[in-house]
Amino acid sequence: MTEFEKALLSNIVFPSNKIIRPRATKLRGFRLGYPDGTRAVLWLSGNKYYIRIEMLGSIFNVKIPKQFGRQILEDFFLKFGTEKVYEDV
């Protein structure tokens, strides 16, 4: 794993309990935040996990390993449990 990926996966906070559902797709996602104010979205497509993050005026799509994607997803559900809300976009 690269230093960039390690930085993306550390110090994640969950700003809301909303799960994003784009219309006419099987993608699901939820918002992530970082202590420095950076925002991102974790997208799930089957067993593939991507973080879409805007940094320094550029948008990066980073494919992350399954075990880290599952860990972030598990942390999300541990924090919010059944209090999640779906947001159609």
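In the predicted model, strand β4 is joined by 7 bridges to strand β5 (residues 58–64), and the two strands run antiparallel. Within this pair, Y50 stands opposite K63 of β5. The strands form a hairpin with 2 residues between them, in which L56 adopts a positive phi near 55°.

On the β3 side, β4 (residues 48–55) pairs with β3 (residues 39–45), again in the antiparallel sense, over 6 bridges. Y50 also takes part in this pairing, as the bridge partner of W43. Y50 of β4 is thus placed opposite K63 of β5 and is bridged to W43 of β3. A further position in the β3–β4 pair is that of V41, which stands opposite R52 in β4. The β3–β4 connection is a hairpin with 2 residues between the strands, and G46 in its turn has a positive phi of about 65°.

Strand β3 is in turn paired with β2 (residues 28–33), antiparallel and over 6 bridges. Opposed residues in this pair include L32 and A40 of β3, as well as G33 and R39 of β3. The hairpin of β2 and β3 has 5 residues between the strands, and G37 in the turn shows a positive phi of about 100°. Strand β3 is mostly covered, with 5 of its 7 residues buried.

The pairing of β2 with strand β1 (residues 18–21) is antiparallel and comprises 2 bridges. Here I19 stands opposite F30 of β2. The β1–β2 hairpin has 6 residues between its strands, and A24 takes a positive phi near 60°. Pairing can therefore be followed from β1 to β2, from β2 to β3, from β3 to β4 and from β4 to β5, where a pair requires at least two bridges.

These strands belong to a protein whose secondary structure comprises 2 helices and 6 strands. The order of elements from the N terminus is α-β-β-β-β-β-α-β. The second helix, α2, covers residues 66–80.

Overall dimensions were computed for the whole chain. For 89 residues, a compact globule would be expected to have a radius of gyration near 12 Å, and the value of 13 Å for the protein agrees with this. The C-alpha trace spans about 30 × 25 × 25 Å along its principal axes. Of the 89 residues, 34% count as buried. The accessible surface comes to about 5,900 Å², and carbon and sulfur atoms contribute 52% of this area. Among contacts with a separation of 6 or more, 38% are made by residues 24 or more positions apart. The charged side chains number 15 positive and 9 negative, and the centres of the two sets lie 8 Å apart.

Three residues were examined individually, beginning with E54. This residue lies in strand β4. Its relative accessible area is 51%, and E54 is classed as exposed because this value passes the 50% cut-off. Beyond residues up to four places away in sequence, E54 touches T38, R39 and I59. One of these, R39, is the β3 residue that G33 stands opposite. The C-alpha atoms of E54 and V41 are 9.5 Å apart, with their positions 13 residues apart in sequence.

D36 is located in the loop between β2 and β3, the hairpin whose turn also contains G37. With a relative accessible area of 62%, D36 lies above the 50% cut-off and is therefore exposed. D36 and N11 are 25 residues apart in sequence, and their C-alpha atoms are separated by 9.8 Å.

Q71 is placed in helix α2. The relative accessible area of Q71 is 39%, which falls between the 20% and 50% cut-offs, so the residue is partly exposed. Q71 and S16 are 55 residues apart in sequence and 17 Å apart in space, C-alpha to C-alpha.

Notes
Residues numbered from 1 in each chain as written. Predicted model: local features only at pLDDT ≥ 70, side-chain atom pairs only at ≥ 80, totals over all residues. Heavy atoms only, no water. Helix = DSSP H or I, 4+ residues; strand = E, 2+ residues; numbered from the N terminus. Rg over C-alpha atoms; globule rule 2.2 N^0.38 Å. Buried < 20%, exposed > 50% of the residue type's maximum accessible area, 1.4 Å probe, protein only. Contact = heavy atoms within 4.5 Å. Areas by Shrake-Rupley, 256 points an atom, 1.4 Å probe, with all protein chains shown as cover. Lys, Arg positive; Asp, Glu negative; His and termini not counted. Charge placed at Lys NZ, Arg CZ, Asp CG, Glu CD.
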